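Thanks for sending this one over. Here are my notes, in the order I would read the model.

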Amino acid sequence: MEKLKPLTPWQQKMAHTAFEKAKAFGDPDPVGFVSQLMAESQMDPNAVSSADARGLAQFIPGTAKRFGLTNPTDPLASMDAALKYRSVIRKYNRKRGITGEDYVWAGYNAGEGAAAQARHGYAETRGYVNRIEAYKPQFAAILGQPYDASVETTPPSGGMPSGGMPSGG
């Protein structure tokens, strides 16, 4: 399990802010959202990836535009756009019979249309999801929340709908 390094005061502030924003937005997994932001950027609003993803929530320019994010280095605006994107991915997945927050994270990493294939087929996405899953109990403790391991992270019936790869693959 990947362990978090001690959080800086900034990271602590962003973790608490992201948690509260996710709760207010109605996101079903606010601790997962915080963990996702840590996996994306280490809570660094100035982070830039090799794919030109920017900010706390690591938006590429086209996705930032799609969600109305004009300044990806604004951490609060980045969180808002990320919560909207997570909601879109969740709805997209549900229409295809795919449940589980791990598929939301996979869709965020690889694009909502690739969530099922990416979750099991892309090494980068598997590593990304594994980091988030490792961070969740640690952030639950930091945020003073019970760790809810019951958030579904496997597809129904142990299989992957729509011709995706089987779970555990």
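1. Burial comes first. In this predicted model, 47% of the 169 residues in the chain count as buried, which here puts them under 20% relative accessible area.

2. On the surface side, the chain exposes about 8,100 Å². Carbon and sulfur atoms account for 53% of that exposed area.

3. The secondary structure is quickly told: there are 7 helices and 0 strands. Read from the N terminus, the order of elements is α-α-α-α-α-α-α.

4. How do the contacts spread along the sequence? If you take contacts between residues at least 6 apart in sequence, 53% of them join residues at least 24 apart.

5. Now to the part you may care about for your own work, the largest pocket, with a volume of about 430 Å³. Its lining is made up of 21 residues, and those closest to the pocket centre are Glu40, Ala53, Gln58, Tyr108 and Asn109.

6. Which elements give two or more residues to this lining? They are α2 (30-41), α5 (101-110) and α7 (123-142). Of these, α7 gives the most, with 4 residues.

7. As for chemistry, the lining of the largest pocket divides into 11 nonpolar, 7 polar and 3 charged residues. Glu40, one of the residues closest to the pocket centre, belongs to a type that counts as charged, while Ala53 and Tyr108, also among those closest to the centre, are of types that count as nonpolar.

Technical notes. Residues are numbered from 1 along each chain as its sequence is written. This is a predicted model: local features need pLDDT of at least 70, side-chain atom pairs count only at pLDDT 80 or more; totals for chains, interfaces and linings use all residues. Side-chain values use heavy atoms; hydrogens and water are left out. On a 1 Å grid over the protein atoms alone, a cavity is a set of points where a 1.4 Å probe fits but cannot get out, and a pocket is an open set with protein on both sides within 12 Å along at least five of seven lines; lining residues have an atom within 4 Å of a point. Grid points are joined across faces, edges and corners, and a volume is the space filled by probe spheres set on the points. Buried means under 20% relative accessible area, exposed over 50%, partly exposed in between (1.4 Å probe, protein chains only). Contact means heavy atoms within 4.5 Å. Accessible areas come from the Shrake-Rupley method with a 1.4 Å probe; for residues, only the protein chains shown count as cover.
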